[in-house]
Amino acid sequence: MTASEDHLDPALRAEALSSLLIERGLIDEATVNNFIKTYEQSVGPLNGAKVVARAWTDPEYAGRLLADGTAAIAELGFKGPQGEHIVVLENTPGVHHVVVCTLCSCYPWPVLGLPPSWYKDPAYRSRMVREPRAVLAEFGLELGEDVAVRVFDSSSEVRYMVLPMRPAGTEGLSEAELAALVTRDAMVGVAEAAAP
Amino acid sequence: MDGIADMGGRQGFGRVPPLTAEPPFAEPWEGMAFALGLLSIRAAGANLHAFRHALERVPPLDYLGSYYDRWLHASQMMLADSGVLTSEGVAARAARLRGSDAAEPEPPEPHKPQMPSGGPGNLRSLDTPPAFAVGDRVRTADLQTDGHTRLPGYVRRRTGTVTALRPAAVFPDTAASFLGENPQHCYAVEFDSRELWGPRAEPFSVSIDLFEPYLEQVR
């Protein structure tokens, strides 16, 4: 097996690459910092949570979301890289959807931000298409045999987001209160939305 | 290519890690690696597909090391492929950043790929009608390539059902090697778990988006 020969520490490799590219005018520091800041502060699963809470409280919006995810998500102002075409998968008592990218780490950035470690882990990527019920059980989600499991492998430019089921006992909650129950994990399909 | 990145169905990776909440970047260099990955695509005159192909060519030991270190290796590889820098130049710059006064080699002569683009993003409209319709049974190709493909090994030579038409898009297999956008129709194809993993598989289905050249009709 081959490995690269220079054995550079990643922080040093990052600095070396960045200084070479800046020096040659191929990138600039402000753009680098802007990318980092955007994904640290502005784009994350709170966006997706707002989409889900809207769908739970507005049946017409839910209909648009399931028919054309990209357009309905853009209604709330969320779009951008890795969100050219977003398909929303509705979980029901009888059907559970879960999303993976076996080839790399494709993920719907505009609604969920950058993927967490577990989503990029070889164990998740390899096993989710082979024994999803076992993987979900390891995460703490036990699904009955009467629930169909549908795994979506993100292999094209289409990105997937799960619309989790609205938890029981949330009838009186506002849209903002509902959004607080919607986790990133539920929108990938490895958990259910939290009960209040 | 049949590389380390094609992980679907591979065994031996152990339990999944816990569902922890965490910041996007654990350390500052990870944020820099993320930005460099995206910006290197432009600096190298490459595209997203070429970046994914660079990622899958990262040597397996490095690939499995850490996610954003993998991005740095891939960025460097893509930039070296375009003659923007050399690995000797990166090593020399790293040495100087550590305080060495080692001489740096002259920058190479860039030879960036010149692939025409049909526009921003990857979605394209096609004049030719799609070959398959929802409900069609399709079989996946026995595709063997050392280039990039989005047909993972675990769904090769398998029979499934078209469940949706996805937007036509730039064909990653040719775009990654700068052979052209060659846009193709794309389909959501659903496979039963037993078709993929045999009669003792857990009951479930896998839906995966496959480009038209990967598929042939089952009659």
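Which domains does the domain assignment of chain B give, and which residues does each one cover? Keep that in mind as you go through the close-ups of this predicted model.

**View 1. The two domains of chain B.**
The assignment splits chain B into domain 1, residues 1–111, and domain 2, residues 137–217. Put a dot at the C-alpha centre of domain 1 of chain B and another at that of domain 2 of chain B, and the dots are 27 Å apart. The two domains do touch: 10 residues of domain 1 of chain B are in contact with 11 residues of domain 2 of chain B. On the domain 1 side of that contact you'll find five polar residues, three charged ones and two nonpolar ones.

**View 2. Two helices crossing in chain B.**
Here we look at α2(B), which is residues 48–57, and α4(B), which is residues 67–81. Their axes come within 8 Å and cross at roughly 115°. The crossing of α2(B) past α4(B) is right-handed. Which residues do the touching? From α2(B) they are B:A50, B:F51, B:A54, B:L55 and B:R57, and from α4(B) they are B:R70, B:A74, B:M77 and B:M78. Sort them by class and this contact has seven nonpolar residues, two charged and no polar ones.

**View 3. Strands side by side in chain B.**
Follow the strands one at a time in this view. β1(B), residues 137–140, pairs with β2(B), residues 159–169, in the antiparallel sense over three bridges. You can spot this pairing by finding B:V138, which stands opposite B:G160 in β2(B). β2(B) also pairs with β3(B), residues 184–192, again in the antiparallel sense, this time over six bridges. A handy landmark there is B:L165, whose bridge partner in β3(B) is B:Y187.

**View 4. Where chain A meets chain B.**
How many residues of chain A are in contact with chain B? There are 66, and they meet 69 residues of chain B. On the chain A side, the elements that give two or more residues are α1 (10–23), α2 (29–42), α7 (117–120), α8 (122–127), α9 (132–138) and β3 (148–153). The largest share comes from α1(A), with 12 residues. By class, the chain A side has 36 nonpolar, 18 charged and 12 polar residues.

**View 5. A strand pairing that links the chains.**
This close-up picks out β3(A) and its partner in the other chain, β4(B), which is residues 205–211. The two strands pair over four bridges, in the parallel sense. To find your way around, look for A:R150 and its bridge partner in β4(B), B:S205.

**View 6. Chain A as a whole.**
Let's zoom out for a moment. Chain A has 11 helices and four strands. Its C-alpha trace spans about 55 × 40 × 30 Å along the principal axes. Of its 196 residues, 48% count as buried. Now take the contacts in chain A between residues at least 6 apart in sequence: 70% of them join residues at least 24 apart.

**View 7. A glycine in a loop, A:G113.**
A:G113 is in the loop between α6 (109–112) and α7 of chain A. Is A:G113 buried or exposed? It counts as buried because it has 21 C-beta neighbours inside 10 Å, and the cut-off for buried is 20 or more. Leaving aside residues up to four places away in sequence, A:G113 touches A:Y39, A:V43, A:G44 and A:P45, as well as B:P24 from the other chain. A:N47 is 66 residues away along the chain, yet its C-alpha atom is 8.4 Å from that of A:G113.

**View 8. Two residues with a positive phi.**
A:Q82 isn't a glycine, but its phi is positive, at about 65°. You'll find A:Q82 in the loop between α5 (69–75) and β1 (85–90) of chain A. It has 19 C-beta neighbours inside 10 Å, so A:Q82 counts as partly exposed. In chain B, take a look at B:F178, another residue other than glycine, with a positive phi near 60°. B:F178 is in the loop between α6 (172–175) and β3 of chain B. With 17 C-beta neighbours inside 10 Å, B:F178 counts as partly exposed too.

Definitions and conventions: Residues are numbered from 1 along each chain as its sequence is written. Chains are lettered from A and ligands numbered from 1 in the order in which they are written. This is a predicted model: local features need pLDDT of at least 70, side-chain atom pairs count only at pLDDT 80 or more; totals for chains, interfaces and linings use all residues. Two residues are in contact if their C-beta atoms, placed from the backbone, lie within 7 Å. Ala, Val, Leu, Ile, Met, Phe, Trp, Tyr, Cys and Pro count as nonpolar, Asp, Glu, Lys and Arg as charged, and the others, Gly among them, as polar. Two strands pair if DSSP finds at least two bridges between them. Domain bounds come from an automatic or database domain assignment. Axes are lines fitted to C-alpha atoms, for helices over the stretch in contact, and angles run from 0 to 180 degrees between N-to-C directions. A crossing is left-handed if the near helix is turned anticlockwise from the far one by less than a right angle, and right-handed if clockwise. A residue is buried if 20 or more other C-beta atoms lie within 10 Å of its own, exposed if 12 or fewer, and partly exposed in between; C-beta atoms are placed from the backbone.
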